Each structure stands twice: as structure tokens, then as C-alpha cells.
Amino acid sequence: MCAVPIGPQHSHLADIQDHRLLCTCRSCYLLFTDGGASHGHYRSVPDRYRANAGFALSAAQWDAMGIPVNLAFLFYQSDQGRYVAFYPSPGGATESLLDLTAWNEVVAGDPQLQELLPDVEAVLLRRLDGGFECHLVPIDACYELVGIVRQYWEGFAGGEDVWRRIDEFFAGVQERGRG
Ligand SMILES: [Zn+2]
């Protein structure tokens, strides 16, 4: 964003128009926290993590989203005026065709999902035996997960190493959601 050097721990801005994340220094980050400074071009990615214990999704609704792995994230993309769904794959974040009807029904019945900020916060889902783990997270956390999958996935099923790292990632997300 600017020429100030930043460390490995830093904030991010979402570029709403170009659909990408920018690494920022703290001053730049604070410029865009209200979303108004750039007429909506940039928005600071907030730092709040929340567990969504009341989340309900049926196996049929999940299947309708066409996600081939047990991980996904969804967020409201304001310039498209709709939710988009992505899943991590060895090739990076892959967009899925989303059955909007099914997902909009899920959102309509879940007050916590309705509090999600467009473009910068996401619903992170992990399918488990008999249900779903659901977290409301900053969008950059989803791309951290994408990075783990991209870097460590091996073969068809990913291999032990990547799933251990994914478990660690979700344990960290859970911890932050409690804090
Ligand atoms: Zn800066």
C-alpha cells in the first residue's frame, strides 16, 4: 500500500474492485477502517473471530454448493451483490458454483451470519462426521488456510502432514473465537 516496511505480522486491506488483499502498515490500515475513505475501493480486514455454535446446514444443502473437499469459505461480495463460495485446493482458492437459494435460506435463519461484514469477513466451514464446524473469521484467515493447502497438499487426499496443519489451523481459529 505504501513504502513503509512491515513485519511478518501485519494487517490487510481488501481491494474490493480488484478482488485481492494488500499487506498494509498500521497507518494505512486505520485509514480504511470505516470503509468510506476510498469510496469503497479499499476496506480494512477486521480482526474478530467468532464461533457460530448455532450454525445449521444439512448434508443436502452442502451438496448443493458443489464443494469437493470438506473445507469451504463463503463471503458476501458487494460488487457482485451476492455470496460467493470458495474452497482451498492445491491450485489455490477455487470458486464453487453456489446454490444461492439454499445458502440464502441458511443466512436468513442465522442472525450471526447476518452480522458478517461484506468482502472482509467470511464464513469458514469444515465438514466433520455428523455436522459442520462454523467460524466467522477475517477473510485473510481463509487465505492463510488456502496457503497451507497449497503448500503442503500431496497426492489425492492431501496426506497426513497437511491435515495435521489444517487441524492446528482450526485449533487456532477456535482459540481466537473464545478470546
Ligand atoms: Zn502504509
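Which exposed residues does the face of H3 turned away from its buried side carry? Hold that thought for a moment, everyone, and hello. One thing before we look: this is a predicted model.

Now to the answer. On that outward face of H3 you will find Thr101, Glu105 and Ala108, which are exposed. Helix H3 spans residues 100–108, and its buried residues are Ala102, Trp103, Val106 and Val107. Looking down the axis of H3, these buried residues stay within an arc of 135 degrees, so they line one face of the helix. And what lies over them? The cover for the buried residues of H3 includes two helices, H2 (59–64) and H4 (111–114), along with strands S5 (71–77), S6 (82–89) and S8 (121–128).

Let's stay with the inside of the protein. As general background, nonpolar side chains in soluble globular proteins tend to be buried together. Here, the largest nonpolar core contains 26 residues, and Phe73, Ile166 and Phe169 have the most contacts inside it. Two or more residues of this core come from each of S5, S6, S8, helix H5 (139–152) and helix H6 (160–178). H5 gives the largest share, seven residues. If you click on Phe73, you can follow its contacts: among the residues it touches are Val84, Phe86, Val123, Leu124, Ile139, Tyr143 and Val146. Apart from that core there is another one, with 21 residues, including Leu74, Leu98, Val106 and Leu113. You have met Val106 already, as one of the buried residues of H3.

Next, please move towards the start of the chain, where there is an open sheet of three strands. Their order is S2-S1-S3, and they pair in the antiparallel sense. Strand S2 (20–24) and strand S3 (42–44) are the edges, each pairing on one side only. On average, neighbouring strands in this sheet are turned by 35 degrees against each other, ignoring direction. S1, which covers residues 11–15, is joined to S2 by five bridges. To see the pairing for yourselves, find Ser11 and look across to Thr24 in S2.

Close by in our tour comes the metal site. Which residues coordinate the zinc ion? They are Cys2, Cys25 and Cys28, each through its SG atom, at 2.1 to 2.3 Å. Along the sequence, these donors follow the spacing C-x22-C-x2-C. Cys2 belongs to the segment before S1, while Cys25 sits in the loop between S2 and helix H1 (26–31), so this pair ties together parts 23 residues apart in sequence. Is Cys25 buried or exposed? Cys25 is buried, at a relative accessible area of 10%. Cys2, by contrast, is partly exposed, at 38%.

I'll finish with two backbone details. In general, most residues other than glycine have a negative phi. His19 has a positive one, near 55 degrees. You will find His19 in the loop between S1 and S2, where it is partly exposed, with 41% relative accessibility. Asp119 also has a positive phi, about 70 degrees, without being a glycine. Its place is the loop between H4 and S8. Why does Asp119 count as buried? Its relative accessible area is 8%, and buried means under 20%.

That's my tour, and thank you all for listening!

How values were computed: Residues numbered from 1 in each chain as written. Predicted model: local features only at pLDDT ≥ 70, side-chain atom pairs only at ≥ 80, totals over all residues. Heavy atoms only, no water. Pairing = 2+ DSSP bridges. Helix = DSSP H or I, 4+ residues; strand = E, 2+ residues; numbered from the N terminus. Axes fitted to C-alpha atoms, helices over the stretch in contact; angles between N-to-C directions. Buried < 20%, exposed > 50% of the residue type's maximum accessible area, 1.4 Å probe, protein only. Arc of directions from axis to C-beta. Contact = heavy atoms within 4.5 Å. Donors = N, O, S within 2.8 Å, 3.2 Å for Na, K, Ca; no water. Core = buried A, V, L, I, M, F, W, Y, C linked by side-chain atoms within 4.5 Å. Lists of a residue's contacts leave out its neighbours within four places in sequence.
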